[in-house]
Amino acid sequence: MKIGIIGLPQSGKTTIFNAASGKSEAVGDYSQASHRAIIKVPDARLDRLSELANPKKTTYAEIDYMDMCAFSGKGKEADQSQIKIPEELNYASALMVVIDCFSSDCEPEKNLNLFLDELILSDQIIIERNIDKKERTAKMTGDQEGLIEVEVLRRCLASLEDSKPLSELDLSENDRKIIKKYAFLSLKPLLVVLNISEDDIGSDSKWMDKFADHEMPGIREFVAICGKIEMELSDLDESDKAEFLSELGISRPAMERLVKRSFHLMGLISFFTVGDPEARAWTIKAGTNARKAAGAIHSDLERGFIRAEVIKYEDFDELGSTPAAREAGRYHVEGKDYIVCDGDVILVRFNI
Ligand SMILES: Nc1nc2c(ncn2[C@@H]2O[C@H](COP(=O)(O)OP(=O)(O)OP(=O)(O)O)[C@@H](O)[C@H]2O)c(=O)[nH]1
Ligand SMILES: [Mg+2]
């Protein structure tokens with residue numbers, strides 16, 4: 001699962017990328033260079049399971065972070081030639097836009113609106129480029145599917161012309177399937193990172209409040225963090241980190257919150273397996289059934305699926321082990337259609 005980090009030049013994209021990945025790419029050099037890293041999704045539940053089961057290995061969920069500049073900052077004033085969307089961004093499941101809230105002359109609200117306008121414009125260009133020809137061809141050949149696609153595209157275009165991103169348009173599952181191939185940017189969930197200054201660390205709510213009206217759960221979410229401090233934190237070993245955190249008056253790096261938010265914003269959840277060699281978080285889309293979820297572990301488990309034996313994380317945490325959960329009647333046998341929940345501890349029984 002990929003997330004694309006975008007934003008104006010010098011907004012702190014690479015700083016945030018370094019903080020999330022622990023890398024040390026150059027910042028402040030105006031390079032607009034792109035970078036990529038697979039990062040671990042911190043999960044206190046997995047830490048706890050690992051502590052209880054003491055496996056040899058603990059494996060966290062992962063997200064692919066791509067740091068790239070794809071934003072001219074001209075909003076609606078931008079013309080076609082200024083919108084150069086890197087091909088890779090099309091494959092991102094969500095976007096993360098970094099907004100400068102640390103400079104003395106920053107204009108975060110204006111920048112967010114310009115950015116949204118640019119996403120809208122980029123989708124509009126795609127539709128306008130395709131729709132007339134598509135309609136002519138569909139009418140000529142009597143292609144029903146083609147005509148339906150044109151109808152969905154027209155609805156999308158009307159929303160975009162109305163300055164509304166596609167993520168806010170009411171689209172059915174089927175509509176979404178039809179337009180998937182266009183990889184519309186304004187349809188992707190958006191995490192807005194308010195990159196605040198060191199001086200505002202204790203008072204980030206003043207920034208969050210400014211944007212409260214823009215927040216739409218699952219569609220457009222906000223986090224305020226100080227990229228610079230988080231990058232410094234990510235460079236420290238655990239004991240220095242703990243000391244620095246207590247100086248800052250916080251218990252965990254804010255970055256962990258950001259990474260978790262980006263994971264959920266992509267519509268993803270984790271289930272766990274806890275065994276002798278390994279405790280592990282597996283990534284699935286919310287709403288996935290047990291059989292399909294088993295396939296995340298191995299295709300054999302999906303093919304030969306018999307049942308899933310499930311303990312809720314909270315029960316495992318409280319009771320401490322599988323036998324104890326069984327004893328307490330908190331061990332559930334589920335069939336292939338069971339919808340896996342975030343935090344389920346699962347043992348898949350299978351036969352091939
Ligand atoms: N004070 C302060 N400065 C920051 C913060 N985050 C980033 N900066 C500074 O802003 C400058 C730009 O940071 P980068 O991370 O290189 O920004 P970028 O968006 O990757 O820049 P380009 O890739 O060149 O577009 C650097 O000098 C950073 O030190 C922050 O939270 N506080
Ligand atoms: Mg950069």
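**Entry 1. Helix 3 against helix 4**

I looked up which residues form the contact of helix 3 with helix 4 in this predicted model. From helix 3, I listed Ile-120, Asp-123, Gln-124, Ile-127, Ile-131, Lys-134, Glu-135, Thr-137 and Ala-138. They meet Gly-146, Leu-147, Glu-149, Val-150, Leu-153, Cys-156, Leu-157 and Leu-160 in helix 4. I sorted the residues of this contact by character and obtained 10 nonpolar, 3 polar and 4 charged.

I then turned to the geometry, since two packed helices are described by the angle between their axes and the distance between the axes. Helix 3 covers residues 108–141 and helix 4 covers residues 144–161. I noted an angle of about 150 degrees between them, with the axes 9 Å apart. Helix 3 is therefore roughly antiparallel to helix 4. I recorded the crossing of helix 3 and helix 4 as left-handed.

**Entry 2. The open sheet**

I next traced the sheet. It is open, has 6 strands in the order 2-4-1-5-6-7, and its pairing is mixed. Which strands lie at the edges? I found strand 2 (35–40) and strand 7 (220–225) there, each pairing on one side only. From one strand to the next, the twist averages 25 degrees.

For one pair I checked the details: strand 1 (residues 2–7) runs parallel to strand 5 (residues 94–101), and I counted 5 bridges between them. In this pair, Ile-5 stands opposite Met-96 of strand 5.

I also asked which strands helix 9 touches. Helix 9 (residues 254–265) packs on the sheet and touches strand 1, strand 2, strand 4 (62–67), strand 5, strand 6 (190–196) and strand 7. I noted that the direction of helix 9 makes about 170 degrees with that of strand 7.

**Entry 3. Strands 3, 8 and 9**

I then followed strand 9 (residues 278–285) and its partners. Strand 3 (residues 57–59) is joined to strand 9 by 3 bridges, and the two run parallel. Here I found Lys-57 opposite Glu-278 of strand 9.

Strand 8 (residues 268–274) pairs with strand 9 in the antiparallel sense, over 7 bridges. Leu-268 has Lys-285 in strand 9 as its bridge partner. How many residues separate the two strands of this hairpin? I counted 3 residues between strand 8 and strand 9.

**Entry 4. Surroundings of ligand 1**

I examined ligand 1 and found 21 residues around it. The closest are Gly-12, Thr-14, Thr-15, Val-27 and Gly-28. By character, I recorded the shell around ligand 1 as 6 nonpolar, 12 polar and 3 charged residues.

Which helices each supply at least two residues of this shell? I noted helix 1 (13–21) and helix 7 (227–234). The largest share of the shell, 3 residues, comes from helix 1.

**Entry 5. Helix 1 against helix 7**

As both helices contribute to the shell around ligand 1, I looked up how they pack on each other. The axes of helix 1 and helix 7 come within 8 Å and cross at roughly 35 degrees. I recorded this crossing of helix 1 and helix 7 as left-handed.

In the contact, I found Thr-15, Ile-16, Asn-18 and Ala-19 of helix 1 meeting Gly-227, Lys-228, Glu-230, Met-231 and Ser-234 of helix 7. I divided the residues of this contact into 3 nonpolar, 4 polar and 2 charged. I observe that Thr-15 appears twice in these entries: it meets helix 7, and it is listed among the residues closest to ligand 1.

Notes
Residues numbered from 1 in each chain as written. Chains lettered and ligands numbered in written order. Predicted model: local features only at pLDDT ≥ 70, side-chain atom pairs only at ≥ 80, totals over all residues. Axes fitted to C-alpha atoms, helices over the stretch in contact; angles between N-to-C directions. Helix = DSSP H or I, 4+ residues; strand = E, 2+ residues; numbered from the N terminus. Parallel < 35°, antiparallel > 145°, perpendicular 65-115°, else oblique. Left-handed = near helix turned anticlockwise from the far one by under 90°. Contact = placed C-beta atoms within 7 Å. Nonpolar A, V, L, I, M, F, W, Y, C, P; charged D, E, K, R; others polar. Near = placed C-beta within 6 Å. Pairing = 2+ DSSP bridges.
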